[in-house]
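Let's take a walk through this structure together, one pair of neighbours at a time. Have the view open as you read, and turn it as the names come up.

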Amino acid sequence: MKRIGITLLLLMAMLGLAGPVLADSPPPATAPTTERQQALERWQNLSDAERQQLRERYQQFQTLPADEQELLRQRLQQFRQSPPEKQQQLRERFQRWQQLPAEQREQLRDTYQRFQSLPPEERQQLRQELEDLRSLPNEQRPQRRQEIRQRYFGSPAMRSGGGSRNSGGMHR
C-alpha cells in the first residue's frame with residue numbers, strides 16, 4: 001500500500017495536481033490564480049483513463065495511515081521547494097525506477113532495508129565509501145563496488161541479479 005501512495009504522490013506532483021488533492025483544505029484564495037488555472041488545465045488535458053487512475057490512486061492514498069499520509073505530504077512539500085533542476089532529476093529517477101524489472105526493484109528495496117538496518121556509524125561509513133567510489137577511475141569501480149557489497153551486504157553481485165541474498169544479516 002505504501003508503494004501505491006508514493007507512486008500516486010510522485011505522479012500527481014509531476015502533473016502539478018497533488019497540492020489541492022493532498023492539502024488538508026482547498027488552496028487559499030490568495031494562491032495565484034494562474035497556478036490554480038494551470039493545475040485545472042493539466043487536469044482537463046488528462047484522458048478519462050488517466051483521470052480515473054488518479055482518482056483510484058487518491059482513494060488508495062486515503063486508506064493509508066495518517067502518519068504515512070503526512071510523510072507523503074512533507075515529501076511533496078520538499079519536492080515543490082526543490083529547484084526545477086532537482087525536480088527534473090527526481091522525475092527522471094522515478095521514470096527509470098518504473099522501467100526497472102520487478103525483480104530488480106525488489107532487490108533494490110531489499111538493499112535499502114539492509115542499509116536502514118545498519119548501525120548509524122556503518123551507514124555513514126558506507127556513504128563515505130560510496131562517495132569515494134565516485135572519484136575512482138571507471139575501470140576500478142566495478143571491483144571496488146563488489147568489495148563494498150560483500151563487506152556490507154554479503155552479496156557480491158546484487159545488482160546484476162546473480163548474487164545470493166544473504167538472509168544472515170550484514171557482514172563487516
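**Two helices side by side**

Helices α8 and α9 run roughly antiparallel to each other. In this predicted model, the two helices pack at an angle of about 175°, and their axes lie 10 Å apart. Angles over 145 degrees count as roughly antiparallel, so the value of about 175° for α8 and α9 earns that description. To find the pair on screen, look for residues 120-134, which make up α8, and residues 141-153, which make up α9.

Which residues make the contact between them? From α8 come E122, Q125, L126, E129, L130, L133 and R134. From α9 come R141, R144, R145, I148, R151, Y152 and F153.

Several of these names will come back as we turn to charge. The structure holds 6 salt bridges. E129, R144, E147 and R151 are linked in a network of salt bridges, and E129 on α8 and R144 and R151 on α9 also belong to the helix contact. Within that network, E147 and R144 form a salt bridge whose closest N and O atoms are 3.3 Å apart. Both sit in helix α9, 3 residues apart, or about one turn of the helix. E147 is partly exposed at 34% relative accessibility, and R144 is partly exposed too, at 22%.

Now move along α8 to R134, which pairs with E131 in a salt bridge, with 3.0 Å between the closest N and O atoms. These two residues are also 3 residues apart in their helix, so about one helical turn separates them. R134 counts as exposed, with 59% relative accessibility, while E131 is partly exposed at 43%.

For another salt bridge, step back to helix α7, residues 102-117. Here the side chains of D110 and R114 meet at 3.2 Å, N to O. The two lie 4 residues apart, about one turn of the helix. D110 is partly exposed at 22% relative accessibility, whereas R114 is buried, with a relative accessible area of 7%.

What about R123, a residue of α8: does it sit buried with a salt bridge or without one? R123 is buried yet has no salt bridge. The nearest side chain of opposite charge belongs to E121, 8.0 Å away, and a salt bridge calls for a nitrogen and an oxygen within 4 Å. Leaving aside residues up to four places away in sequence, R123 touches F115, Q116 and L118.

Finally, let's look at the aromatic rings. A pair of aromatic rings is described by the distance of the centres and the angle of the planes. The structure holds 2 aromatic pairs. In one of them, Y58 and F61 are stacked, 6.2 Å centre to centre with 25° between the planes. The two residues are 3 residues apart in helix α4 (residues 48-63), which puts about one helical turn between them. Y58 is partly exposed at 24% relative accessibility, but F61 is buried, at 1%.

The pair formed by Y152 and F153 is tilted, with 6.5 Å centre to centre and 50° between the planes. Y152 is buried at 0% relative accessibility, and F153 is buried with a relative accessible area of 6%. This brings us back to where we began, as Y152 and F153 are among the α9 residues that contact α8.

Terms used:
Residues are numbered from 1 along each chain as its sequence is written. This is a predicted model: local features need pLDDT of at least 70, side-chain atom pairs count only at pLDDT 80 or more; totals for chains, interfaces and linings use all residues. Side-chain values use heavy atoms; hydrogens and water are left out. Rings of Phe, Tyr and Trp (its six-membered ring) pair if their centres lie within 6.5 Å; planes under 30 degrees apart count as stacked, over 60 as edge-to-face and the rest as tilted. Buried means under 20% relative accessible area, exposed over 50%, partly exposed in between (1.4 Å probe, protein chains only). Lys and Arg count as positive and Asp and Glu as negative; His and the chain ends are not counted. Contact means heavy atoms within 4.5 Å. Axes are lines fitted to C-alpha atoms, for helices over the stretch in contact, and angles run from 0 to 180 degrees between N-to-C directions. Angles under 35 degrees count as roughly parallel, over 145 as roughly antiparallel, 65 to 115 as roughly perpendicular and the rest as oblique.
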